[in-house]
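Visitor: I have a fold open in my viewer and would like to learn how to read it. Could you walk me through it, one feature at a time?

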Amino acid sequence: MTVDLHAEHRPYLAALADGELELVPAPTRDHVSDCDQCRSELEAHQLLGQRLRAASRAAEPVALASRSRRFLLPLAAAAALAIVVGGAVLATRPATPDPLASAVLVANQSPEYTSTNAVDIAHWCTVKYGNRVPVVALPGLTPKGARMDWPHAQGVATVTYALDTETVHVSWLSVAEGGSQPQVVNAGGKPAVLVRRHGITALVSGDATQAELLHVAQEVASVL
Ligand SMILES: [Zn+2]
């Protein structure tokens with residue numbers, strides 16, 4: 001049996017490349033300073049980070065414009081409603097949007113970044129999100145890509161995988177929901193599995209069976 005001595009350090013290389021030293025355990029920092037293989041992976045992360053930052057700087061004005069437009073529309077609709085119904089506004093105000101349902105909805109869209117490399121995908125998400133997204137490389141799951149959305153100003157970084165002919169989304173949420181044991185929830189009428197450990201919330205959704213979603217969530221929980 002071959003033991004991959006570098007595997008336990010690999011998830012932290014993206015954070016190390018971004019200079020987020022507080023996220024990186026001391027044994028990893030020590031290992032990387034002595035290990036040529038990890039150092040060359042680290043340099044690849046740094047290069048990728050520079051390219052992604054340059055690309056996201058170029059795309060930023062468009063992203064901001066579309067985000068603020070989306071935000072303005074409901075406000076305009078609310079103003080129109082206020083004029084029409086006057087005193088009845090409170091009663092007709094829409095309920096607080098369900099963050100889990102919103103996350104499942106955006107997760108179902110096509111990836112905006114396509115890759116089959118779990119490390120590159122996690123790094124792309126981390127740069128886009130501004131929060132560390134762990135590397136999830138699971139046996140049987142083939143990474144397809146990722147997307148970043150901000151429904152109702154809540155960050156949702158979604159990594160999409162193929163599981164045989166089915167699709168599984170692992171979404172990393174900025175909302176604090178769920179507990180340390182994976183739990184099946186109803187997200188907008190569809191089953192999804194929620195888990196929260198060490199301040200990180202993950203929501204597993206897709207068209208796989210509930211048992212498969214639960215299994216993936218257990219694997220995800222084990223890397224948190
Ligand atoms: Zn190493």
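Guide: Let's start with a definition: a nonpolar core is a set of buried Ala, Val, Leu, Ile, Met, Phe, Trp, Tyr and Cys residues joined through C-beta atoms within 7 Å. A residue is buried if 20 or more other C-beta atoms lie within 10 Å of its own, exposed if 12 or fewer, and partly exposed in between, with C-beta atoms placed from the backbone. Keep in mind that this is a predicted model, where local features need pLDDT of at least 70 and side-chain atom pairs count only at pLDDT 80 or more, while totals for chains, interfaces and linings use all residues. Residues are numbered from 1 along each chain as its sequence is written.

Visitor: Which residues have the most contacts inside the largest nonpolar core?

Guide: They are Cys 125, Ala 192 and Val 204, in a core of 47 residues. Helix α6 gives the largest share of this core, six residues; helices (H or I, at least four residues) and strands (E, at least two) are DSSP runs, numbered from the N terminus. At least three residues come from each of domain 1 (1-94) and domain 2 (99-223), with bounds taken from an automatic or database domain assignment.

Visitor: What is Cys 125 in contact with, leaving aside its neighbours within four places in sequence?

Guide: Contact here means that the C-beta atoms of two residues, placed from the backbone, lie within 7 Å. For Cys 125 the list is Val 133, Ala 146, Met 148, Ala 157, Val 159 and Trp 172.

Visitor: On to the sheet. How do I read strand order?

Guide: Strands of a sheet pair through backbone hydrogen bonds, either parallel or antiparallel. Two strands count as paired if DSSP finds at least two bridges between them. In this model seven strands make an open sheet, ordered β1-β2-β3-β4-β7-β6-β5, with antiparallel pairing. At the edges sit β1 (113-114) and β5 (183-187), each pairing on one side only.

Visitor: How many bridges join β3 and β4?

Guide: Eight, between β3 (residues 156-163) and β4 (residues 166-173). To get the register, find Ala 157, which stands opposite Trp 172 in β4. β2 and β3 also pair over eight bridges, with Asp 149 opposite Val 156. For β1 and β2 there are two bridges, and Thr 114 faces Gly 145 across that pair.

Visitor: And the helices packed on the sheet?

Guide: Think of a helix as a repeating wheel: an α-helix has 3.6 residues a turn, so residues three or four places apart point the same way. Here α6 (residues 118-129) packs on the sheet, touching β1, β2, β3 and β4, and its direction makes about 10° with that of β2. The axes behind that angle are lines fitted to C-alpha atoms, for helices over the stretch in contact, and angles run from 0 to 180 degrees between N-to-C directions. As for α5, its buried residues are Pro 99, Leu 100, Ser 102, Ala 103, Val 104 and Ala 107; β3, β4, β5, β6 and β7 are among what covers them.

Visitor: What about odd backbone angles?

Guide: Most residues other than glycine have a negative phi, and most peptide bonds are trans. Asp 164 goes the other way, with a positive phi of about 55°, in the loop between β3 and β4.

Visitor: Why does Asp 164 count as exposed?

Guide: Because it has 10 C-beta neighbours inside 10 Å. Now look at His 198, in the loop between β6 and β7: its phi is positive, near 50°. His 198 counts as exposed because it has 7 C-beta neighbours inside 10 Å.
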